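This briefing concerns a helix contact between two chains and an enclosed cavity. Please consult the sequence and structure shown here.

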Amino acid sequence: MSIFVNRDTRVVVQGITGKEGQFHTRQCIAYGTNVVAGVTPGKGGQKMDEVPVFNTVAEAVKQAGANCSLIFVPPPFAADAILESVDAGIDVVVAITEGIPVLDMMRVKTYIAGKSVRLIGPNCPGVISPGQCKVGIMPGVIHKPGGPIGVVSRSGTLTYEVVHQLTLQGIGQTTCIGIGGDPVNGTNFIDCLSAFEADPDTKGVVMVGEIGGTAEEEAASFIREKLSMPVVGFIAGLTAPPGRRMGHAGAIISGSSGTAQGKIAAMKEAGIHVCEDLGSLGKLCKKVFG
Amino acid sequence: MKIHEFQAKQLFADYGIPVPRGRAASDVDDALEAAKELGTLPVVVKAQIHAGGRGKGGGVKIAKTLDEAKSHAQAIYGMTLVTHQTGPEGRLVKKLLVEEGLNIEKELYFSIIPDRATAKIVFMVSEAGGMDIEEVAAKTPEKIIKVAVDPLVGIQAYHCRQVAFGLNLPAAAVKAMTAIAKSLFRLFVEKDCSLLEINPLVLTADDRVIALDAKMSFDSNALYRHPDIVEMRDLDEEDPLEVEASRHNLNYIKMDGNVGNMVNGAGLAMATMDIIKQAGAQPANFLDVGGGANAQMVENGFRIILSDPNVKGILINIFGGILRCDVLASGVVEAATKVGLNVPVVVRMEGTNVDEGRRILKESGLNLISAKDLADAAQKVADIVR
């Protein structure tokens with residue numbers, strides 16, 4: 001089992017004919033993902049390798065049966081691409097694009113509130129259920145199918161590091177989700193944690209956070225109250241100076257809020273096994289998850 | 001991106017928000033000229049730097065005469081202003097703002113911020129103005145009024161009334177305040193702000209509401225649609241190395257330590273800085289070369305890191321995954337040869353063909369040291385600088 005994406009997921013890639021779109025579509029297909037369509041306005045009727053290209057997402061849904069979209073559209077047009085997917089009836093929207101204006105994302109988030117669509121990202125590596133389906137830009141090879149651990153993270157390559165260490169310890173994953181480094185995103189830690197809680201095959205979670213905002217603190221209280229499985233946590237940015245945007249738009253300490261120290265304290269208080277030294281995360285997971 | 005107070009006040013004026021009369025001055029003589037133009041006394045001379053706490057640091061002074069205005073301008077212009085936000089090295093004052101003094105009845109706090117958790121745009125106001133708002137929030141949270149606006153519905157009259165009545169203003173000033181709230185909200189949205197703060201917003205003795213201060217910053221992701229705002233960027237307010245890095249699309253932040261580091265991805269870059277510290281050394285920078293990394297980026301990264309004379313060793317941490325390590329290693333060797341590397345470099349990479357990558361580093365004849373994993377890399381680089 002897994003959450004959000006699985007063997008039955010039928011992917012449409014928005015921006016499939018661009019450089020990144022092409023490269024990662026091929027990577028996804030090589031991993032075994034069922035990419036049924038691509039969308040590039042004006043290029044409908046063409047093919048990217050064997051994948052049919054449509055002008056609109058609505059056509060891709062109707063003619064190719066897509067139920068999940070993967071977005072590589074540049075920032076000025078990305079909010080539009082997300083909304084197009086939502087209105088076309090896509091179930092899971094994965095937005096890889098980095099650099100979408102915050103106000104655009106606030107409107108998107110408000111528009112989708114209360115709808116059943118799941119938006120993952122933006123500014124994220126995507127989601128993978130190892131051995132089944134990869135909807136994103138992560139290297140498939142570092143993952144180990146079969147579970148029993150779920151991974152949720154605000155980062156990209158840091159997630160790869162964490163997954164790699166799990167795999168080296170022989171610990172497989174059910175699903176790994178990068179929720180993205182932007183301040184306003186579609187899916188948060190709590191959404192993923194409750195989905196893992198409902199997944200019978202997920203027996204533990206690794207949660208990777210970073211400085212900025214209060215998402216980790218909120219997740220910590222959710223874990224204390226609702227989660228029945230053990231959680232290993234990591235927070236990046238102990239040495240980050242306040243007031244500076246550390247690469248990710250959302251990774252900024254403002255005043256006394258959003259510090260790594262505060263998040264680590266909240267996580268410890270919630271009974272999360274906090275790893276303070278990334279080099280030993282795999283070993284800690286081995287100890288906690290057995 | 002931040003702008004100066006005088007620039008923010010110009011935007012305020014464009015949106016019909018009352019600001020004190022006055023103008024920016026580029027030197028002492030110009031400041032005196034600006035004071036004369038006002039035709040009124042007292043006047044206020046304010047240092048223009050991108051940092052708060054200017055008053056406490058001696059960067060804001062009131063002059064009762066023109067002679068005093070000149071001496072204040074002489075004192076402030078060219079000074080190195082140190083505030084709690086500048087760090088101990090302070091900031092050189094290269095611009096002044098000269099304004100009319102006002103007869104202040106009450107100081108208020110006003111801000112508009114995006115709330116990331118709820119995706120709403122929030123007014124945060126308080127009648128306890130002029131103070132550090134975090135202090136107000138900690139000591140007297142009941143004095144802070146928050147009004148959240150749905151970004152799809154937009155600003156409504158009742159939001160503005162909640163702000164104006166929440167500030168406990170005299171009846172004569174309420175109408176003006178609601179208009180100001182509405183205009184500031186429009187400004188915030190139309191220019192893609194990430195923060196708009198007025199501390200203090202003042203009520204004058206004759207019941208006018210005026211923005212005595214103005215602080216604005218903008219969403220860097222949205223600058224592509226605001227060329228007018230981009231023009232306001234003041235490179236003198238930024239670290240020269242950071243400006244240079246941004247020209248190469250590198251995300252660089254200078255720190256005080258001596259271990260330079262270059263990483264692909266922001267989260268991993270932060271975690272790498274952390275592990276350097278845990279190994280007993282101090283990071284000299286944050287440098288994210290982006291999720292994919294190529295030889296050109298590594299070369300530019302080396303140049304930026306090596307421009308910092310404190311750097312005694314470098315840690316490169318690239319989690320390639322899809323990237324091939326042999327390609328990456330060749331890129332590192334090529335870049336290192338080009339820039340004339342003069343400090344040892346520890347390289348930790350992960351991805352396909354990692355053994356081949358390590359062989360390339362080893363056989364390069366350069367001072368490139370392979371690490372087997374992250375913990376090993378941090379330890380090796382910490383040992384080098386110790």
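Thr157(A), Leu158(A) and Glu161(A) in H5(A) are in contact (heavy atoms within 4.5 Å) with Gly267(B), Leu268(B) and Ala271(B) in H9(B). The model is predicted, with local features needing pLDDT of at least 70 and side-chain atom pairs pLDDT 80 or more, while totals for chains, interfaces and linings use all residues. Residues are numbered from 1 along each chain, chains are lettered from A in the order written, and side-chain values use heavy atoms, without hydrogens and water.

**Helix contact**
- The residues of this contact comprise three nonpolar, two polar and one charged (Asp, Glu, Lys and Arg count as charged; Ala, Val, Leu, Ile, Met, Phe, Trp, Tyr, Cys and Pro as nonpolar; the others, Gly among them, as polar).
- H5 (residues 157-168) of chain A and H9 (residues 266-278) of chain B, both helices (DSSP runs of H or I, at least four residues), pack at about 65°, with axes 5 Å apart.
- H5(A) and H9(B) are therefore roughly perpendicular (65 to 115 degrees) to each other.

**Cavity**
- The structure holds one cavity of 30 Å³ or more (points on a 1 Å grid where a 1.4 Å probe fits but cannot get out; lining residues have an atom within 4 Å of a point).
- The largest cavity has a volume (the space filled by probe spheres set on the points) of about 50 Å³.
- Its lining includes Pro125(A), Met138(A), His143(A) and Tyr160(A).
- S11(A), a strand (a DSSP run of E, at least two residues), gives the most to this lining, with three residues.
- By class, the lining has six nonpolar, four polar and no charged residues.

Notes:
Axes fitted to C-alpha atoms, helices over the stretch in contact; angles between N-to-C directions. Parallel < 35°, antiparallel > 145°, perpendicular 65-115°, else oblique. 1 Å grid on protein atoms, 1.4 Å probe; cavity = no way out; pocket = protein on both sides within 12 Å on 5 of 7 lines; lining within 4 Å.
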